[in-house]
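Student: Please take a close look at the aromatic pairs in this structure. I would like to know how the rings are placed and how exposed they are.

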Amino acid sequence: MADSYPQEAVSQRILRSETVLVLALSLGASGVSALISFVGSLTKPGGLKDQAATLNSSAAPGRPWLDLAWQLFGIATALVPVALVAHLLVREGTGLRILGFDRTRPGQDAARGAVVAAGIGSAGLAFYLVARAAGFNLTVVPESLPDVWWKFPVLILSALQNAVLEEVIVVGYLLRRLGQLGWTPMAALLASSVLRGSYHLYQGIGGFIGNMVMGVVFVLLYRRWQRVGPLVAAHALLDIGAFVGYALLAGKVGWLPTP
C-alpha cells in the first residue's frame, strides 16, 4: 500500500535524509572520527601538548612516486561529496552557483578572502599558541611530507581541497538545506559552527573552540555576501599559509612548536 504522506512531508523527509547522508559521507563522519581521536589523546599518558596531530603525512615512505599517487588519490576522493552536492543542486534546478561558488566574481572573491584570511590567520595562530601552552591542544604538525619535488604542489592542492570541501558543504549546502527544513537562522548558524569545530577536535579543545568561532564568522559573512567563493579563498589562503609556512619554518624559529 502506498504511503499517504502529504507531498510536503515527503519532501521534508527526503531533504532530511539527503542532508544526513551527505554529512555521513563527508565532514559529519570526520567529526565522529575526530571525537574518537580526541578521546584517545585524553586517555593516553602525558599531556595533550606532548602529543602531535599530523595533517599531511607520507602515505608510502621511501617510495616517492607511489606516495604522490596516494596523495593525489586522497585529494580527489575527498572532493567526491562536493560533486555529489553539485549533482543534488542541479537536480533541484540550481547548481553550485546558488551557493555563490562560480567564476562570476573571481577578483572580488579573492580580495575579500585575502582580507578575511589576514584577520583570522593572525588571531588563529595566537589562539593556537596560547591553547597549546595551556595544555588544551595537541601540537599540530601541518605537514611531514618528504623533501621531494611535488611536496609544495601537493600541500597547495591539499589546502584547496580542504577549502572547497568545507565551505561548500558546511556553509553553503548545510545552511541551504537547514533553511529548507525550517531551522531558524540562529539554530543553523550553531549547527554549522559546531560541525566545523567537531571535525577539528582531534587537535584538542583549542582546535574545537577556535574553529567553531571561525565557523560563526564564516556563516555571518556568507549571509552578508551570499557567496561561498570568498570563504573558499580565505580558507585556502589560511591552509596554504599553515602548510607551506610550517614546511619552511619548522625547526628554524623558536616560537613555532614542533614534536
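Tutor: What follows covers the aromatic pairs, then a charge over a ring and a nonpolar surface patch. The model is predicted. Searching the whole structure gives two aromatic pairs. In one of them, the ring centres of W65 and W149 lie 5.8 Å apart with the planes at 55°, so the pair counts as tilted. This pair joins distant parts of the chain, 84 residues apart: W65 belongs to helix α3 (residues 64-78), while W149 sits in the loop between β2 (139-144) and α6 (151-180). Both W65 and W149 are exposed.

The other pair is W70 with F73, where the centres are 5.8 Å apart and the planes meet at 80°, so the arrangement is edge-to-face. Here both residues are in helix α3, three residues apart, which is about one turn of the helix. W70 has a relative accessible area of 45% and is therefore partly exposed. F73 is also partly exposed, because its relative accessibility is 48%, and the cut-off for exposed is over 50%.

A further ring, that of F152, has K151 over its face, at 6.0 Å from the ring centre.

Aromatic side chains also occur in a nonpolar surface patch: F127 and F136 join I205, I209, V213 and V217, and together the residues have about 480 Å² of accessible area. Helix α8 (residues 205-225) contributes the most to this patch, with four residues. I209 is located in helix α8, and with a relative accessible area of 36% I209 is partly exposed.

Definitions and conventions:
Residues are numbered from 1 along each chain as its sequence is written. This is a predicted model: local features need pLDDT of at least 70, side-chain atom pairs count only at pLDDT 80 or more; totals for chains, interfaces and linings use all residues. Side-chain values use heavy atoms; hydrogens and water are left out. Patches are made of residues with over 30% relative accessible area and no salt bridge: like charges are joined within 9 Å, nonpolar side chains (Val, Leu, Ile, Met, Phe, Trp, Tyr) within 5 Å. Accessible areas come from the Shrake-Rupley method with a 1.4 Å probe; for residues, only the protein chains shown count as cover. A salt bridge is a side-chain nitrogen of Lys or Arg within 4 Å of a carboxyl oxygen of Asp or Glu. Helices (H or I, at least four residues) and strands (E, at least two) are DSSP runs, numbered from the N terminus. Buried means under 20% relative accessible area, exposed over 50%, partly exposed in between (1.4 Å probe, protein chains only). Rings of Phe, Tyr and Trp (its six-membered ring) pair if their centres lie within 6.5 Å; planes under 30 degrees apart count as stacked, over 60 as edge-to-face and the rest as tilted. A charge sits over a ring if NZ of Lys or CZ of Arg is within 6 Å of the ring centre and within 35 degrees of the ring normal.
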